[in-house]
Amino acid sequence: MAAWRVVAPGPVSGSPLAWGREAIPEPAPGELLVKVLACGVCRTDLHVSEGDLPVHRPRVTPGHEVVGEVAAVGDSAAGSFAVGDRVGIAWLRHTCGRCAACLRGAENLCRQSRYTGWDADGGYAEFATVPADYALRLPDGYTDNELAPLLCAGIIGYRALERAAVPDGGVLGIYGFGGSAHLTAQVALTRGIRVHVMTRGKQARELAEHLGAASVQGVRDAPPEPLDSAILFAPVGDLVPVAMEALADGGTLAVAGIHLTDIPPLDYQRHLFRERQICSVTANTRSDSVEFLRIAAEHRLSIDVHPYPLDRADRALRDLAGGKFSGAAVLEP
Ligand SMILES: [Zn+2]
Ligand SMILES: [Zn+2]
């Protein structure tokens, strides 16, 4: 099969990834072998390729928004999925099931968790494997390309929305408007939340307006009203004080990314007092995935997909880094 591997983590303006041929992986006991039909390009793939995240598996194949078809079922993985089923492979692929975090339903915080496209090979390839217990059933009514961005951008955005604790009918500010934000905004709108978008880039602003944002302005501009909650999708620590200052009393800022540049010093009175708070968002639980995919089945989300052939993943990552498109890039084998 053909597959990409991160051979020399570094700026995507160079060549951190190599494209080559290799054997189709064997599903281990409990795993499924999946023929990849579409794989989304997530900002985390950029962080893995550029070395912002430490190397967990040398020469890893990135990609954790995989929509595919079950091609083979490993020993003891039968029962849940059969050959030919459409299935999703997402970021979370292992937790211990025994630690305090796992036992209280916070498996996203399991210290033994493992991730697709970081600890194990992912979907920038023609085939990928996944533990059957972590494979996801997908909603009907979407194309393979539309489903792919739901599997990380959608799920993580959903968890960020939950962490941001927006009151019903409240006001949400979204900083940065890419693949995850454009899905999260739609979920918020289904809850009657007013959404203000702060982003750069003409295409992203047009997309935000088209989807129903109450206002759209530059990343450092103040929204037209105080925010009950905000989500920072842009991996830019400089925006933390900007967003904190835009919060209403008691408001919460959720930082959605796995990587963030340094946060400048905060001024207690200006940014935090009046019970404003900041929280991070760390991966997701399987129940987050199931809940978000249930919402996607109930409310037809509009997904802005930019397809690239699988063999142009390097270009897709460069375009993502350069903010060349709005919405989400998807690789097609
Ligand atoms: Zn655990
Ligand atoms: Zn992701």
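These legends walk you through close-up views of a predicted model, looking at how two domains of one protein chain meet.

**View 1. The protein chain is divided into two domains.** Domain 2 covers residues 155–280. Domain 1 is made from two stretches of the chain, 2–151 and 283–332. If you take the C-alpha centre of each domain, the two centres lie 25 Å apart.

**View 2. Domain 1 and domain 2 touch each other.** On the domain 1 side, 30 residues are in contact with domain 2, and 19 residues of domain 2 take part in return. How much area do the two domains bury between them? About 2100 Å², with 67% of it on carbon and sulfur atoms. The size of an interface is often given in this way, as the accessible area lost when the parts come together.

**View 3. A salt bridge links the two domains.** Look for arginine 159 and aspartate 288, whose side chains meet at 2.7 Å, N to O. The count between domain 1 and domain 2 is one such salt bridge. Polar contacts cross this interface too: five residue pairs, both partners at pLDDT 80 or more.

**View 4. Helices help build the side of domain 1 that touches domain 2.** Helix 1 (43–50) and helix 9 (286–298) each supply at least two residues here. Which helix gives the largest share of this side? Helix 9 does, with five residues. Sorted by type, the residues of this side of domain 1 are 14 nonpolar, 10 polar and six charged.

How values were computed
Residues numbered from 1 in each chain as written. Chains lettered and ligands numbered in written order. Predicted model: local features only at pLDDT ≥ 70, side-chain atom pairs only at ≥ 80, totals over all residues. Heavy atoms only, no water. Domains from an automatic or database assignment. Contact = heavy atoms within 4.5 Å. Buried area = accessible area lost by both parts, 1.4 Å probe. Salt bridge = Lys/Arg side-chain N within 4 Å of Asp/Glu carboxyl O. Polar contact = N/O pair within 3.5 Å; in protein donor to acceptor, adjacent residues only side chain to side chain. Helix = DSSP H or I, 4+ residues; strand = E, 2+ residues; numbered from the N terminus. Nonpolar A, V, L, I, M, F, W, Y, C, P; charged D, E, K, R; others polar.
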